[in-house]
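User: Could you take me through this structure? I should like to settle terms before we begin.

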There are 2 protein chains.
Amino acid sequence: MDATVKRKARSPKSTRPPPLQPVEPVHDSDGAHLELRIWLRLLACATRIEKALNARLRKEFNTTLARFDLLAQLARRPEGASMSVVSDLLMVSNGAITALVQKLEADGLIHREVDTADRRTFRLRLSQDGAREFDRMARRHEEWVIALIGELSPVAQSDLLQHLTLLKRRLDKHA
Amino acid sequence: MDATVKRKARSPKSTRPPPLQPVEPVHDSDGAHLELRIWLRLLACATRIEKALNARLRKEFNTTLARFDLLAQLARRPEGASMSVVSDLLMVSNGAITALVQKLEADGLIHREVDTADRRTFRLRLSQDGAREFDRMARRHEEWVIALIGELSPVAQSDLLQHLTLLKRRLDKHA
DNA sequence: CAATAACGTTTCATGTCTAAAATATTCTGT
DNA sequence: ACAGAATATTTTAGACATGAAACGTTATTG
């Protein structure tokens with residue numbers, strides 16, 4: 001998950017004196033393209049946060065981010081949602097949802113009813129227990145995220161959010 | 001991989017007139033804490049880029065990001081590295097490295113020699129084939145990343161990198 | 001109305017990750 | 001030198017991801 005790329009060292013061969021400033025802006029220790037450096041940082045931040053949250057979810061609630069995220073999507077949809085819809089929301093393949101849902105249902109956190117109109121589809125809903133449990137987890141989860149990111153100044157946070165939002169829009173257009 | 005959290009709607013109860021500006025800066029549609037929104041965006045960007053790169057690596061080179069990243073770490077270390085070192089570099093457990101290395105060695109991309117000094121450790125090195133293959137992949141990989149992120153203006157890129165660098169530092173201190 | 005296309009879900013094979021237990025090797029203190 | 005501590009790796013069990021194939025249900029249409 002690092003995607004590091006080695007830059008070739010510039011072999012000093014020319015007889016001309018080298019330019020005073022390198023061609024690429026060097027705010028950092030490496031000559032790599034800005035884009036590459038951004039991607040590496042982005043990935044590093046995301047995996048660090050994800051691992052921290054996952055570890056705490058496991059320790060405090062004996063659950064995982066995948067389960068939490070599925071509950072979160074159902075929590076904001078009292079009318080329920082189908083497997084495919086959830087799969088789209090979580091950006092995860094249908095096959096992955098099947099296993100997740102089976103376990104969550106076995107644990108009594110969600111209900112799965114056949115849709116009366118279209119018997120191909122299931123309607124997933126949070127159970128009472130699921131809603132209660134999700135509320136507890138969501139509160140802690142929020143505290144954790146705030147602790148992790150909250151050390152940045154409000155200005156930095158606002159800037160960062162804007163840039164990420166812009167980046168996400170560009171990425172979505174790309175696909 | 002979404003980690004969405006629903007925010008409670010603010011119930012208007014006070015008799016005093018509300019402040020002209022909301023307490024939290026609202027550049028966005030939701031009342032959630034900035035930290036939560038940043039985390040969601042960060043995760044969305046990271047997974048989108050990761051999936052795009054993974055898909056292209058699979059299509060063009062029949063490989064994966066995990067394999068590519070391991071090769072990348074060895075490529076910048078001609079002296080080689082031990083399993084544990086690689087595991088630290090990739091921020092992945094030792095067990096994960098074992099399987100990866102076995103396959104890469106079977107494919108002839110890396111060598112694994114027992115260290116003469118300490119027979120507990122292996123020294124991993126890129127093979128000739130591995131180095132050649134990695135070079136081809138690294139060039140394409142860089143093009144892809146530049147295409148994905150390059151739509152941001154240079155200023156935005158530089159800002160984003162700075163903020164991510166700062167965030168990463170804070171996260172590392174946290175742990 | 002039947003053949004067929006489209007859809008929703010499950011199953012399967014495969015890949016990657018983790019955490020913890022097992023093994024093997026080296027180091028350390030008396 | 002030797003018992004234990006520390007270190008490096010492998011193994012195992014379990015979670016989650018994908019993509020492709022299979023299957024039942026619904027829609028379409030000649």
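Analyst: Certainly. Contact here means heavy atoms within 4.5 Å. Please also note that this is a predicted model.

User: Using that term, what is E35(B) in contact with, leaving aside its neighbours within four places in sequence?
Analyst: Its partners are V145(A), I146(A), I149(A), G150(A) and Q157(A). E35(B) itself belongs to helix α1 of chain B, which covers residues 34-61.

User: Is E35(B) buried or exposed?
Analyst: E35(B) is buried, because its relative accessible area is 10% and the limit for buried is under 20%.

User: And which residues of chain A supply the most area buried against chain B, taken as a set of three?
Analyst: Chain A and chain B bury about 7,100 Å² between them, and 68% of that lies on carbon and sulfur atoms. E35(A), W39(A) and R48(A) supply 9% of the area that chain A buries against chain B, more than any other three residues.

User: How many residues are in contact across the two chains?
Analyst: On chain A there are 67 residues in contact with 69 residues of chain B.

User: Where is H163(B), and what does it touch?
Analyst: H163(B) is in helix α6 of chain B, residues 154-174. Not counting residues up to four places away in sequence, H163(B) touches A156(A), D159(A), L160(A) and H163(A). With a relative accessibility of 12%, H163(B) counts as buried.

User: How are the two chains related?
Analyst: A turn of 180° with a shift of 0.1 Å along the axis lays chain A on chain B, with an RMSD of 0.1 Å. That is the relation of a two-fold axis. The same surface serves both copies, since 100% of the contact residues of chain A recur in chain B.

User: Let us turn to the fold. What is the pattern along chain A?
Analyst: Chain A has 6 helices and 2 strands. Along the sequence they follow the pattern α-α-α-α-β-β-α-α.

User: How much of chain A is buried?
Analyst: Of the 175 residues in chain A, 41% are buried. The accessible surface of chain A comes to about 10,100 Å², and 53% of this belongs to carbon and sulfur atoms.

User: What share of its contacts is between residues 24 or more positions apart?
Analyst: Such residues account for 51% of the contacts in chain A with a separation of 6 or more.

User: Now the backbone. What is notable about phi at N62(A)?
Analyst: N62(A) has a positive phi of about 50°, although it is not a glycine. Most residues other than glycine have a negative phi. N62(A) lies in the loop between α1 (34-61) and α2 (65-75) of chain A, and at 62% relative accessibility N62(A) counts as exposed.

User: And what of M91(A)?
Analyst: M91(A) is not a glycine either, and has a positive phi of about 55°. Its place is the loop between α3 (83-89) and α4 (94-106) of chain A. M91(A) is partly exposed, with a relative accessible area of 31%.

User: One last topic, the aromatic rings. How many aromatic pairs are there over all chains?
Analyst: A search of the whole structure finds 4 aromatic pairs.

User: Which charged end sits over the ring of F122(A), and which over that of F122(B)?
Analyst: The charged end of R112(A) sits over the ring of F122(A), 4.9 Å from its centre. In chain B, the charged end of R112(B) sits over the ring of F122(B), 4.8 Å from its centre.

Terms used
Residues are numbered from 1 along each chain as its sequence is written. Chains are lettered from A and ligands numbered from 1 in the order in which they are written. This is a predicted model: local features need pLDDT of at least 70, side-chain atom pairs count only at pLDDT 80 or more; totals for chains, interfaces and linings use all residues. Side-chain values use heavy atoms; hydrogens and water are left out. Rings of Phe, Tyr and Trp (its six-membered ring) pair if their centres lie within 6.5 Å; planes under 30 degrees apart count as stacked, over 60 as edge-to-face and the rest as tilted. A charge sits over a ring if NZ of Lys or CZ of Arg is within 6 Å of the ring centre and within 35 degrees of the ring normal. Copies are superposed by least squares on the C-alpha atoms of residues with pLDDT of at least 70 in both. Helices (H or I, at least four residues) and strands (E, at least two) are DSSP runs, numbered from the N terminus. Buried means under 20% relative accessible area, exposed over 50%, partly exposed in between (1.4 Å probe, protein chains only). Accessible areas come from the Shrake-Rupley method with a 1.4 Å probe; for residues, only the protein chains shown count as cover. Buried area is the accessible area (1.4 Å probe) that two parts lose on being put together, summed over both.
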